[in-house]
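Work through the exercises below with the sequence and the model open beside you. Each task is followed by a solution that proceeds step by step.

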Amino acid sequence: MVVNDELTMDLKFHTVGIGSSARKALLQALQENRLVVGLTNAVRSLAKEPDQFTFCFMAPAQEDSHLQEVLLEAFCLEHDIYIVRVDSAYKLSRLVHSSVIASCALVRKIPKKLTGKASNSFRRSYHSILVEHCELFLDDPHKPIVKLPEK
């Protein structure tokens, strides 16, 4: 049983700060106008340019949109877009300043013109944490839920 405890501890270690990193990624994308909010907008954007996105933040599915969200998740997996499951559509909506409850948010890749800025090392740290989290659970059919910070 020690092996399972070590594995559990290792997984917890790798996901420390993931909620904060998710918040930072969403806020930075919002500030840089790289965020697509809402299921309908996400589907439209992915249909036009699927290779332009890095992350898809998904809140728990609402009953009337479950099928669309399952298809969105499959599309993201097919196009190597990392899926980050979050605990609350309300918190996601508040964080991205959406006037309606948003069940998902897509983050566009960072344009080359922004990669040379001084904030690049800061951006790299939270981006790396999110990528590591997603890679850790890539083959897991039940992705862990990331708890977004309350504020």
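**Exercise 1: A proline and its surroundings**

Pro 149 has a relative accessible area of 29% and is therefore partly exposed, a value that falls between the cut-offs of 20% and 50%. The structure examined here is a predicted model.

Task: State where Pro 149 is found, and list which residues Pro 149 is in contact with, leaving aside its neighbours within four places in sequence.

Solution. Step one is to place the residue: Pro 149 belongs to the segment that follows β5 (145-146). Step two is to collect the contacts, which, once neighbours within four places in sequence are set aside, are made with Gly 19, Ser 20, Arg 23, Lys 91 and Arg 94. Step three looks at one of these partners, Arg 23: Pro 149 and Arg 23 are 126 residues apart along the chain, while their C-alpha atoms are separated by 7.2 Å.

**Exercise 2: The overall layout**

Task: Describe the secondary structure of the protein, and find what share of its residues is buried.

Solution. Begin with the elements, of which there are six helices and five strands; in sequence order they give the pattern α-α-β-α-β-α-β-α-β-α-β. Next, turn to burial, where 40% of the 151 residues are buried. Then consider the contacts with a separation of 6 or more, of which 82% join residues 24 or more positions apart. Finally, the protein exposes about 9,100 Å², and carbon and sulfur atoms supply 57% of that area.

**Exercise 3: The two sides of a helix**

Task: Determine which residues of helix α3 (residues 39-48) are buried, and which exposed residues the face turned away from the buried side carries.

Solution. The first step is to apply the cut-off of under 20% relative accessible area for buried residues, and in α3 this gives Leu 39, Ala 42, Ser 45 and Leu 46. These residues cover an arc of only 130° around the axis, so they lie on the same side of α3. The next step is to ask what this side meets: the buried residues of α3 pack against β1 (35-37), β2, α4 and β4. The face turned away from the buried side carries the exposed residues Arg 44, Ala 47 and Lys 48.

**Exercise 4: A cavity and a strand residue**

Task: Find how much space lies in the largest cavity, and decide whether Val 107 is buried or exposed.

Solution. Start with the count, since the structure holds one cavity of 30 Å³ or more; about 80 Å³ of space lies in the largest cavity. Its lining consists of 12 residues, and those nearest the centre are Arg 34, Phe 55, Val 107, Ile 110 and His 127. By class, the lining of this cavity comprises six nonpolar, two polar and four charged residues, and α6 gives the most to it, with three residues.

Now take Val 107, which is found in strand β4. Val 107 counts as buried because its relative accessibility is 4%. Not counting residues up to four places away in sequence, Val 107 touches Leu 26, Ala 29, Arg 34, Leu 35, Phe 53, Thr 54, Phe 55 and Phe 57. For Phe 57, a separation of 50 residues in sequence from Val 107 goes with a C-alpha to C-alpha distance of 8.1 Å.

**Exercise 5: The largest pocket**

Task: Give the volume of the largest pocket, and say which elements give two or more residues to its lining.

Solution. The volume of the largest pocket is about 150 Å³. Of its 13 lining residues, Leu 77, Ile 81, Tyr 82, Ile 83 and Leu 138 are the closest to the centre. The elements that give two or more residues to this lining are α4 (66-78), β3 (82-86) and α6 (120-136), and the largest share, three residues, comes from α6. A count by class completes the solution, with nine nonpolar, one polar and three charged residues in the lining of the largest pocket.

**Exercise 6: Positive phi in two loops**

Task: Locate Asp 80 and His 97, and decide whether Asp 80 is buried or exposed.

Solution. Asp 80 is found in the loop between α4 and β3, and it has a positive phi of about 55° although it is not a glycine. With 67% relative accessibility, Asp 80 counts as exposed. His 97, in the loop between α5 (89-95) and β4, has a positive phi of about 60° and is likewise not a glycine. His 97 is exposed because its relative accessible area is 62%, and the cut-off needed for this step is over 50%.

Definitions and conventions: Residues numbered from 1 in each chain as written. Predicted model: local features only at pLDDT ≥ 70, side-chain atom pairs only at ≥ 80, totals over all residues. Heavy atoms only, no water. 1 Å grid on protein atoms, 1.4 Å probe; cavity = no way out; pocket = protein on both sides within 12 Å on 5 of 7 lines; lining within 4 Å. Points joined across faces, edges and corners; volume = space filled by probe spheres on them. Helix = DSSP H or I, 4+ residues; strand = E, 2+ residues; numbered from the N terminus. Nonpolar A, V, L, I, M, F, W, Y, C, P; charged D, E, K, R; others polar. Buried < 20%, exposed > 50% of the residue type's maximum accessible area, 1.4 Å probe, protein only. Contact = heavy atoms within 4.5 Å. Areas by Shrake-Rupley, 256 points an atom, 1.4 Å probe, with all protein chains shown as cover. Arc of directions from axis to C-beta.
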